[in-house]
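Dear colleague,

I am passing on the structure we spoke about, and my notes follow directly below it. Please read them with the model open beside you.

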Amino acid sequence: MEFSPFNNVVKLCIQGMEMEEKGKAGEARKLFLQSWDEATNDFERFLAAHYIARHQKTVSDMLNWLETALQFALKIDDESVKSAFPSLYLNIAKCYEDLGDSNKAKENFDLANSYKYNPSDKGPFYHGTKANLQVGDLLTAGGNSNYKSEIKMNHIYFTALANGAGLAAALAKGDENERVYIVEPTGNYENDPNLTDKKFPGNPTRSYRSEAPLKIVGEVTNWVRPNPDDLQKFRGKLENNKGEIIN
């Protein structure tokens, strides 16, 4: 299973989040309920339930939807979902705390902490760019951000999703062809804090960063190119993005 911003249920959740940002909670809730109705697999049901949970009026109803999201998440053996466990267990723990069940609260707080700081993703990993590189080359930190050119990046970024790296390549500055390279981290890496838990639960894009170089070990050519309309929408979102880059 690969997380995709072009998936219909994901698109509905994005639209719901946009309504939340505009203060239109009722419209957001309708979109999240629609995403639940249109969900066809465990990942889509997990995602929809997560968003429906935060629009409940009582703690008990919120807990019910969070535990529904958890049950679907536990069925999926995928890093895109495992990364959501810390925030999911944490929110469940807070509900039990509000309901006065200290034992259940502690149990879920402990589960949240057990998942928190250890990315278990072993790859393979990819980096998308328009640079023409060779096997054995090293990608290092210190380049300019693709999204805010005045910022020098202290980390080098990569993902475990080839199509996600392809999207990054398409959005990168330059006129050369988009390239997706297979890379190996040469040092420790962490979840990308610019994405983890910012919009979606956990790190479904399986995006990471490292201060150490990435070594190019190959290239893939069969990744899915985003269509021009979707790509233009992404560029528009990036241009209008007011958030700060965590560097």
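What should the 16 residues of helix H4 (residues 59-74) span at 1.5 Å a residue, and how far apart are its end C-alpha atoms? The expected span is 22 Å and the end C-alpha atoms are 22 Å apart, so the two agree, where the expected span of a helix is 1.5 Å times one less than its number of residues. Helices (H or I, at least four residues) and strands (E, at least two) are DSSP runs, numbered from the N terminus.

Before the details, two remarks on provenance. This is a predicted model, in which local features need pLDDT of at least 70 and side-chain atom pairs count only at pLDDT 80 or more, while totals for chains, interfaces and linings use all residues. Residues are numbered from 1 along each chain as its sequence is written, and side-chain values use heavy atoms, with hydrogens and water left out.

The overall picture

The chain comes to 9 helices and 7 strands, and of its 247 residues 43% count as buried, buried being under 20% relative accessible area, exposed over 50% and partly exposed in between, with a 1.4 Å probe and protein chains only. Among contacts (heavy atoms within 4.5 Å) between residues at least 6 apart in sequence, 71% join residues at least 24 apart.

Helices H4, H3 and H1

In H4 the buried residues are Leu 63, Trp 65, Leu 66, Ala 69, Leu 70, Phe 72 and Ala 73, and they pack against helix H2 (25-38), helix H3 (42-53), helix H5 (79-82) and helix H6 (85-98). H3 packs on H4 at an angle of about 160°, with the axes 8 Å apart; axes are lines fitted to C-alpha atoms, for helices over the stretch in contact, and angles run from 0 to 180 degrees between N-to-C directions. The two helices, H3 and H4, are therefore roughly antiparallel, given that angles under 35 degrees count as roughly parallel, over 145 as roughly antiparallel, 65 to 115 as roughly perpendicular and the rest as oblique. H3 passes H4 in a left-handed crossing, meaning that the near helix is turned anticlockwise from the far one by less than a right angle, whereas clockwise would be right-handed. The residues that meet include Phe 46, Ala 49 and His 50 in H3, and Trp 65, Ala 69 and Phe 72 in H4.

His 50, which has its place in H3, is buried with a relative accessible area of 11%. Leaving aside neighbours within four places in sequence, His 50 is in contact with Ala 69 and Pro 201, and its C-alpha lies 6.8 Å from that of Trp 65, 15 residues away in sequence. His 55, in the loop between H3 and H4, also counts as buried, at 16% relative accessibility; with the same neighbours within four places left aside, His 55 is in contact with Glu 20, Ala 25, Ala 28, Arg 29 and Phe 32.

Helix H1 (residues 8-21) has 14 residues and reaches 20 Å from its first C-alpha to its last, close to the 20 Å expected. H2 and H3 are included in what covers the buried residues of H1. H1 and H3 pack at an angle of about 15°, with their axes 10 Å apart, and are therefore roughly parallel. Val 9, Val 10, Cys 13 and Met 17 of H1 make this contact with Glu 44, Leu 47 and Tyr 51 of H3.

Strand E3

Both faces of strand E3 (residues 156-159) are covered, since Ile 156 and Phe 158 on one side and Tyr 157 and Thr 159 on the other are all buried. E3 and strand E6 (residues 207-210) run antiparallel and are joined by 4 bridges, two strands being paired if DSSP finds at least two bridges between them. Ser 210 in E6 is the bridge partner of Ile 156.

Backbone points to check

Most residues other than glycine have a negative phi, and most peptide bonds are trans. A cis peptide bond joins Gly 123 and Pro 124, with omega about 10°. Asp 197 has a positive phi, near 65°, and is partly exposed at 41% relative accessible area. Arg 206 also has a positive phi, near 50°, but counts as buried at 11% relative accessibility. The loop between E5 and E6 holds Arg 206.

Best regards
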